[in-house]
Amino acid sequence: MQVVQETKNLFRLTRFGMVNCFLVREDDGLTLIDTGIAGSASGIREAAKNLGTPICRIVLTHAHIDHIGSLDALALEYPR
């Protein structure tokens with residue numbers, strides 16, 4: 001998974017060159033926007049670990065498979 005810092009607090013995570021999700025750094029941790037396709041959870045976890053900040057919440061923009069594919073794998077870890 002490729003991680004690109006877009007702004008001071010916004011990080012784009014890209015898989016296969018076209019499937020994106022985002023991490024937003026906030027005062028209490030990271031907000032994950034969308035979860036990518038199935039199999040993206042480990043890359044998302046690693047990106048958060050490298051940023052040194054825990055994921056505190058998950059926000060979904062809509063229910064297409066490329067946005068919710070890794071939700072089940074992540075939701076139990078980040079129960080807020």
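Student: Leaving aside its neighbours within four places in sequence, which residues is F22 in contact with?

Tutor: Contact means that heavy atoms lie within 4.5 Å, and by that rule F22 touches L10, F11, R12, T31, L32 and I33, its neighbours within four places in sequence being left aside. Please keep in mind that this is a predicted model, in which local features need pLDDT of at least 70 and side-chain atom pairs count only at pLDDT 80 or more, while totals for chains, interfaces and linings use all residues. Residues are numbered from 1 along each chain as its sequence is written, and side-chain values use heavy atoms, with hydrogens and water left out.

Student: Where does F22 lie, and is F22 buried or exposed?

Tutor: Helices (H or I, at least four residues) and strands (E, at least two) are DSSP runs numbered from the N terminus, and F22 belongs to strand 3. As for accessibility, buried means under 20% relative accessible area, exposed means over 50%, and partly exposed is in between, with a 1.4 Å probe and protein chains only. F22 falls in the middle class, partly exposed, because its relative accessible area is 25%.

Student: How should I read the overall order of helices and strands along the sequence?

Tutor: The pattern is β-β-β-β-α-β-α-α, which comprises three helices and five strands.

Student: What order do the strands take in the sheet?

Tutor: Two strands pair if DSSP finds at least two bridges between them. Here the five strands form an open sheet in the order 1-2-3-4-5, with mixed pairing. Its edges are strand 1 (2-7) and strand 5 (55-59), each of which pairs on one side only. For angles, axes are lines fitted to C-alpha atoms, for helices over the stretch in contact, and the values run from 0 to 180 degrees between N-to-C directions; from one strand to the next, the twist averages 25°.

Student: How many bridges join strand 1 to strand 2?

Tutor: Five bridges join strand 1 to strand 2 (residues 10-15), and the two run antiparallel; in strand 2, F11 is the bridge partner of Q5. Helix 1 (residues 41-51) packs on the sheet, where it touches strand 1, strand 2, strand 3 (19-26), strand 4 (29-33) and strand 5, its direction making about 30° with that of strand 3.

Student: Which residues have the most contacts inside the largest nonpolar core?

Tutor: A nonpolar core is a set of buried Ala, Val, Leu, Ile, Met, Phe, Trp, Tyr and Cys residues joined through side-chain atoms within 4.5 Å. The largest one has 13 residues, and those with the most contacts inside it are L13, L23, L32, I44, I55 and L74. Strand 2, strand 3, strand 4 and helix 1 each give two or more residues to this core, and helix 1 gives the most, with four residues. With neighbours within four places in sequence left aside, I44 is in contact with M1, L13, C21, L32, T35, I55 and L74.

Student: Why does H67 count as buried?

Tutor: H67, in helix 2 (residues 65-68), counts as buried because its relative accessibility is 15%. A polar contact is a pair of N or O atoms within 3.5 Å; within protein, one must be able to donate a hydrogen and the other to accept it, and residues adjacent in sequence count only if both atoms are side-chain atoms. One such contact, of 3.3 Å, joins the side chains of H67 and T61.
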